[in-house]
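Me: I'm in my first year and still learning to read protein models. Could you take me through one part of this one, slowly and in a connected way?

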Amino acid sequence: MSKPNVRRYAIEKHNREKGPSNYSNLFYLSKHLKKVYPIELQKTCSLPTPLSLSLSKTLNSSLISSLDQKNREVPASKNGVPQVSPALNISRPYCPSDDKELMRCSWITNSSDEVYVQFHDECWGVPVYDDHRLFELLSLAGLLMDFNWTEILKRREIIREAFVGFNAKQVAKMGEKEIKEIVSNVSLMLAENRVRSIVDNAKCIVKIGKEFGSFSCYMWNHMSYKPIINRFRNARNVPLRSPKAEAISKDLVKRGFRLVGSVIINSFMQAAGMTIDHLIYCFRHKECVNLAERPWRHV
């Protein structure tokens, strides 16, 4: 055998003797490689980046949860409702409420008092046909000479109680004793001339009731039994007085009423729903218009 052939034979013999052990080791490593590193995750020698860390955590947690879920049952609560494992609990994303904030007139702000907002949402602009309520609103509007609506509404109940529910017939009978008691009531904070004005107006309402049947009929007769519906977009467009308010004011003064200037009467008409002055984007505008468009009826 020549030297080259002898050398090649020796190399092949050496490889045959050493080969099986190396191949078996490689087969062992490849066989168990998936248990150490899942297929989706590659072992690398480079430094991990924040993105790679987040991806690897996500993939690893998803694989672990999917493998463990097969061999693990979720425990049920006492009521039979399955409990979610803390590891599998996924927080719900924030979903805003379907109820949007109500749009109100611009003079109702976040700092407005609750009683004033309630008055705007429930009373202001709703047509009123009851004599007692009309007398009450007329009297409260007259107090705007000294207070604002919020201050008046906070004392509305005790004022109503002091004036016997604004029953014009009973208020008209009040004498000096009753007037002094109301003036001396510290919680009311009403000046004597304001109290006497309300009593005098009650006497005038009694006379009007005899002439027109009711105070409501007298007031709504001025309106042709139909409220005035305005459609203002800005508060600056809402007038302090109107031609109709001036006409009613003059007639009331002739009949002996006090504290019934055109500005006060305009405020009274707005509160009593004789004039719809909610701004057009206010949610109450449409509701009050629907009430105003009903056939007139005296309650």
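Leaving aside its neighbours within four places in sequence, which residues is Cys282 in contact with? Please take a close look at that part and at what lies around it.

Reply: Happy to! One thing to keep in mind throughout: this is a predicted model. Let's begin with your residue and then work outwards.

Once its neighbours within four places in sequence are set aside, Cys282 is in contact with Met103, Arg104, Cys105 and His120. To find Cys282 in the structure, look in the loop between β2 (275–276) and α13. Is Cys282 buried or exposed? Its relative accessible area is 3%, and buried means under 20%, so Cys282 counts as buried.

Two of those partners turn up again in a database record. UniProt, in an unreviewed entry, gives the feature "binding site" at Cys105, His120, His278 and Cys282. These positions span 178 residues in sequence, yet no two of their C-alpha atoms are more than 10.4 Å apart, so they gather at one spot. Of these four residues, His120 is included in the lining of the largest pocket. We will come back to that pocket below.

His120 makes a good next stop. This residue lies in helix α3, and with a relative accessibility of 2% it counts as buried. Which residues does His120 touch, if we leave aside those within four places in sequence? The list is Arg104, Cys105, Trp107, Ile108, His278, Cys282 and Arg284. Notice that Cys105, His278 and Cys282 are in that list, and these three carry the UniProt "binding site" feature along with His120.

Now step back to the helix that holds His120. Helix α3 covers residues 114–122, and its buried residues are Tyr116, Val117, Phe119, His120 and Asp121. What covers them? The cover includes α5 (149–154), α6 (156–162), α12 (262–271) and α13 (283–292). There is also a small detail at the start of α3: a side-chain oxygen of Asp113 comes to within 3.0 Å of the backbone nitrogen of Val115.

One of the covering helices, α13, holds Arg284, a residue we already met as a contact of His120. Arg284 has a relative accessible area of 8%, so this residue is buried. Not counting residues up to four places away in sequence, Arg284 touches His120, Asp121, Glu122, Val126 and His278. His120 and Asp121 are among the buried residues of α3, so you can follow this link between α13 and α3 by eye.

Arg284 also gives us a way to see the fold bring distant parts of the chain together. Leu102 and Arg284 are 182 residues apart along the chain, and their C-alpha atoms are separated by 9.4 Å. Leu102 sits in the loop between α2 (50–71) and α3. At 43% relative accessibility, Leu102 counts as partly exposed.

Time for the pocket. The largest pocket has a volume of about 330 Å³. Its lining is made up of 16 residues, and Trp107, Trp124, Val238, Ser267 and Gln270 lie nearest its centre. Trp107 is also a contact of His120. Which helix gives the largest share of the lining? That is α12, with 4 residues, while α3 and α12 each supply at least two. Sorted by class, the lining has 12 nonpolar and 4 polar residues, with no charged ones.

For contrast, have a look at the cavity as well. The structure holds 1 cavity of 30 Å³ or more, and about 50 Å³ of space lies in the largest cavity. Its lining consists of Leu138, Ser139, Gly142, Ser197, Ile198, Asn201, Arg258, Leu259 and Val260. Helices α4 (131–142) and α9 (192–212) each supply at least two of these lining residues. By class, they divide into 4 nonpolar, 4 polar and 1 charged.

Finally, here is the whole chain as a setting for your residue. The secondary structure comes to 13 helices and 2 strands. Of the 299 residues in the protein chain, 32% are buried, and Cys282, His120 and Arg284 belong to that buried group. Among contacts with a separation of 6 or more, 68% are between residues 24 or more positions apart. The contact of Cys282 with Cys105 is an example you can trace yourself.

Notes: Residues are numbered from 1 along each chain as its sequence is written. This is a predicted model: local features need pLDDT of at least 70, side-chain atom pairs count only at pLDDT 80 or more; totals for chains, interfaces and linings use all residues. Side-chain values use heavy atoms; hydrogens and water are left out. Buried means under 20% relative accessible area, exposed over 50%, partly exposed in between (1.4 Å probe, protein chains only). Contact means heavy atoms within 4.5 Å. A polar contact is a pair of N or O atoms within 3.5 Å; within protein, one must be able to donate a hydrogen and the other to accept it, and residues adjacent in sequence count only if both atoms are side-chain atoms. UniProt positions are given in the numbering used here, feature names are shortened, and annotations may be inferred rather than shown by experiment. On a 1 Å grid over the protein atoms alone, a cavity is a set of points where a 1.4 Å probe fits but cannot get out, and a pocket is an open set with protein on both sides within 12 Å along at least five of seven lines; lining residues have an atom within 4 Å of a point. Grid points are joined across faces, edges and corners, and a volume is the space filled by probe spheres set on the points. Ala, Val, Leu, Ile, Met, Phe, Trp, Tyr, Cys and Pro count as nonpolar, Asp, Glu, Lys and Arg as charged, and the others, Gly among them, as polar.
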